[in-house]
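Trainee: Could we go through this structure together, taking each term back to its definition?

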Amino acid sequence: MGRNILVVEDDHNISDLIHMYLVKEGFDVRIAGDGGKAIEEFQKAVPDLILLDIMLPVMDGWAVCAKVRETSRVPIIMLTAKSEVFDRIQGLEMGADDYIVKPFEMKELIARINAVLRRTEIPNDTSKRLVYDKLVIDLDSYELIVDGKKIDTPPKELELLYHLATTPDRVYTRNQLLDEVWGFDYFGDSRTVDVHIKRLREKIENVSPQWALKTVWGVGYKFALNVGGEKAEG
C-alpha cells in the first residue's frame, strides 16, 4: 500500500484534482470536505500526511491543525489562497510543516509532499536528543526541557533549535535555515526565522552561561557555546 494522504478541502474541483494526481503518484487518498470530517477521518486512522485547507466549514484549518497537534506530529501542509506573511507564520507556529498558496502547480505540490515526508522520516534506531547545561532538546519525544521543566514548544521551534544546536558555533543564514528546517524549496519569508528565534529566546535565554542563541549581525544565527554569561545579542 502507498502512503496515506488525508486531503482536507471543501472545493470539490480542487480536491478531485489533487486526488487524481496523488493516486497517479501511488498515494492512498482520503478526502474530507470540512474540518469536522477531517478530525473524524484523522481519528479513524492517522494518515502519513495531511493537506489542510485553511478556509473550511465547521472547523477552520487553524482549529484542525491545533486539534491534530494535541496528539500527533503527523506532517501537515497548509493549503490556502492567502499569501500574507502573517498567515504563513501563524500556520507554521501552530505546527504546520509547510505552506503552499493557491493557485499552485500540481508538480510543486507533489514535490512539497515528497520533501516533507523525507524530512519527517526518523529512523527508529537514530536518537535525536541533545543535552547541554540545563537544556534538553528531544526530537524523539518532541520535548524541550529547560532547567528541569518541560516547556511547551511548537514543533518547528523545537526543530529549529535542534538544528542550530546540532552544530554549535556554526553560523546559519536565514535562507539556510528556511531551506534546511522548513524544507526543500520552501518559499518562506526570512522574518519567519526571526519570529521563531524570538520565541525560542523567550523560553531559554539566560538559563545557562555555557550556551546562548546568538545573532551574527548581517549574517544570521548560531547556537554558541562557552559564552561566559554574555547575553545573546538581538
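Mentor: Let us start with helix α1 (residues 12-24), which lies across β1 (4-8), β2, β3 (49-53) and β4 and runs at about 170 degrees to β2. Bear in mind that this is a predicted model, in which local features need pLDDT of at least 70 and side-chain atom pairs count only at pLDDT 80 or more, while totals for chains, interfaces and linings use all residues. Residues are numbered from 1 along each chain as its sequence is written, and side-chain values use heavy atoms, with hydrogens and water left out.

Trainee: What makes the figure for α1 and β2 about 170 degrees?

Mentor: Axes are lines fitted to C-alpha atoms, for helices over the stretch in contact (heavy atoms within 4.5 Å), and angles run from 0 to 180 degrees between N-to-C directions. Helix α2 (residues 35-44) is described in this way too, lying across β1, β2 and β3 at about 165 degrees to β1.

Trainee: Why are β2 and β5 said to stand at the edges of the sheet?

Mentor: Five strands form an open sheet with parallel pairing, in the order β2-β1-β3-β4-β5. Two strands pair if DSSP finds at least two bridges between them, and β2 (28-32) and β5 (98-101) each have a single partner strand, so one side of each is left without a neighbour in the sheet. From one strand to the next, the twist averages 20 degrees.

Trainee: How do you know that β4 and β5 pair?

Mentor: Strand β4 (residues 76-80) and β5 share four bridges in the parallel sense, and because the definition asks for at least two, they count as paired. Within β5, Y99 is the bridge partner of M78.

Trainee: Why is K203 called partly exposed?

Mentor: Buried means under 20% relative accessible area and exposed means over 50%, with partly exposed in between (1.4 Å probe, protein chains only), so K203, at 23%, counts as partly exposed. K203 is found in helix α8 (residues 190-204), and its contacts include L144, I151 and E157. K203 and I151 are 52 residues apart in sequence, yet 7.5 Å apart in space, C-alpha to C-alpha.

Trainee: What makes α6 mostly covered?

Mentor: In α6, 10 of the 12 residues are buried, among them P155, L158 and Y162. Helix α6 (residues 155-166) reaches 16 Å from its first C-alpha to its last, close to the expected 16 Å, the expected span being 1.5 Å times one less than the number of residues.

Conventions:
Lists of a residue's contacts leave out its neighbours within four places in sequence.
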